[in-house]
Amino acid sequence: MSAIDVFARMLGPQHVLADPAETLPYGTDWRGSPARAPLLVVRPGTTAEVAAVLRAAGELGLAVIPAGGRTGLAGGIVPLPGERPTLTLSLERMRRIRLLDAADMSLIAEAGCTVEAIQTAAAEAGRFFPLAFGAQGSAMLGGALSTNAGGIRALRYGSARDLVLGLEVVLPDGRVLDDLRRVRKDNSGYALRHLFIGAEGTLGVITAASLRLFPPLARRETAFLGLPGPQAALALFARVQQAGGELVAFELLNRRVVELTLRHGSRLRAPVPIEAPWYGMVEIASTHAGAVLRPAFEEALAAALEAGEASAAMLAENEESRAMLWRLRESTPECTRHAGPAVGTDTAVPVSALPGFLQAVAEEAAERWPEGRLLALGHLGDGNMHLALQAPGPEVPRAVWQERAGGFEEMVNHLAVAAGGSFSAEHGIGLSKLGPMAAMKDPVALSLMRAIKQAIDPAGMMNPGKVLPAR
Ligand SMILES: Cc1cc2nc3c(=O)[nH]c(=O)nc-3n(C[C@H](O)[C@H](O)[C@H](O)COP(=O)(O)OP(=O)(O)OC[C@H]3O[C@@H](n4cnc5c(N)ncnc54)[C@H](O)[C@@H]3O)c2cc1C
């Protein structure tokens, strides 16, 4: 029996795609890494079906790539040419919220639920699921956990990993690891779930997760500020941590990012005159509906203006203007793409090292690529900046610019690591960071990772060629 017949019989023919016109979209992610169609795409609807798919894939000698919303930025779902044909296993049909316990502050969701669907389910139960980022409407839970997504509220609530109480994972041999705990304390041996979080589909398929919920944020105040520079942004960061309420987000953007977003975005307007070199977006919040945050926040912003930590400030007047500010922030990845190809990075450094790091990058980039445009945006509170060098215009072909600005990524990664940071803060390794992984990751860590891969996936069928560089 052919592979297609095996899976069609198992799942129903409507859940097996073989036509390249249908499978090709499953062979690339948002960054637009060169697409390669997998041999087949299968869409199981239950954990038992995922297990059956993996067992059959092992017998047929197929490589398996789990796919979620395909919003990843590291090429994690792109099939590689090799001896083994690829089966892409999409979790898109597994979207049930299996359980929501408001008293326990926990929820069990299947891997195909979008991050936004989980936020909504929690909100409907009077609870809050804090994971949030621009792609949350499409990114799925399994993908968010497999890349250990960070986003705008990691500052207060941690990355995806910190929100997980337990996991259900199908192992490459079809066994199901049922670790869907809901307790907050469980020291019964190794915390296996953490192996699969951030593994980018190289160790198994996450089919469901038990997640932590929080009390909803009843009051929020959001401000957009013009800033003289990263050092001033740090001073402001320290100030707003004591401005009452809890600091839940502190985003940093350079002027070019803001200009491009205002130019290409829809339903946006400049919150402050675009005259400063840097911009910050700050949100403080309280779970107490009666909390009065605004006067203290206004006072803190006025003091920041007075101290020269900010040059302009706009405090959202109402829910509509708050939503506009977040729309502006979330539109930045899409809007900056219009202005030309770019070589991007995903670094984190200790927050205190950010100003020196950003200055070193700007100086070296100006010297080596004077025609390039530096884009900087990120989550200042986590020291996580996405720095990109963009071609002078959209007419420059992507391949030409990647060749010309090729050393940019290496330069930024080295500066980040030298500052005590990471070359992969929140997007993962996938294909795009294999180079720095080989060059900069601690060799002992790499050899432990290889041993774990060998123990769990001895046939190397799960997402081969990703995360672990070839020896
Ligand atoms: C506009 C935009 C903004 C973004 N902002 C942020 C941000 O602020 N912070 C951030 O961290 N990321 C951000 N991202 C990146 C991206 O959204 C995240 O990495 C997201 O978590 C990926 O989820 P996905 O479902 O799309 O995964 P996919 O792209 O489908 O897959 C990503 C990786 O996970 C693996 N995988 C997927 N599902 C499973 C599963 N069930 N079991 C095992 N492995 C699996 C895949 O094989 C692949 O290696 C952004 C992306 C875009 C497009």
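## Exercises on a predicted model

Strand β6 (residues 106-110) runs antiparallel to β9, and 5 bridges join the two. The model is predicted.

**Exercise 1.** Find which residue in β9 stands opposite serine 106.

*Solution.* Start on β6, which covers residues 106-110. Then cross over to β9: the residue opposite serine 106 is arginine 212.

**Exercise 2.** Work out the strand order of the open sheet, and explain why one side of β5 and of β8 is left without a neighbour.

*Solution.* Step one: list the strands. There are 5, in the order β5-β6-β9-β7-β8, with antiparallel pairing. Step two: look at the edges. β5 (97-101) and β8 (176-179) each have a single partner strand, so one side of each has no neighbour in the sheet. Step three: check the turn. Neighbouring strands are turned by 15° against each other on average, direction ignored.

**Exercise 3.** Determine which strands helices α3 and α4 touch.

*Solution.* Take α3 (residues 47-60) to begin with. Helix α3 packs on the sheet and touches β7 (164-170), β8 and β9. The direction of α3 makes about 45° with that of β7. Now take α4 (residues 115-124). Helix α4 packs on the sheet too, touching β5 and β6. Its direction makes about 145° with that of β6.

**Exercise 4.** Describe the shell around the ligand by class and by element.

*Solution.* Sort by class: 17 residues are nonpolar, 16 polar and 4 charged. Sort by element: β3 (63-67), α5 (141-146) and β9 (205-212) each supply at least two residues. The largest share, 4 residues, comes from α5. Finally, pick out the nearest of the 37 residues: Gly68, Gly72, Gly76, Gly142 and Gly143.

Methods: Residues are numbered from 1 along each chain as its sequence is written. This is a predicted model: local features need pLDDT of at least 70, side-chain atom pairs count only at pLDDT 80 or more; totals for chains, interfaces and linings use all residues. A residue is near a molecule or strand if its C-beta atom, placed from the backbone, lies within 6 Å of it. Ala, Val, Leu, Ile, Met, Phe, Trp, Tyr, Cys and Pro count as nonpolar, Asp, Glu, Lys and Arg as charged, and the others, Gly among them, as polar. Two strands pair if DSSP finds at least two bridges between them. Axes are lines fitted to C-alpha atoms, for helices over the stretch in contact, and angles run from 0 to 180 degrees between N-to-C directions. Two residues are in contact if their C-beta atoms, placed from the backbone, lie within 7 Å.
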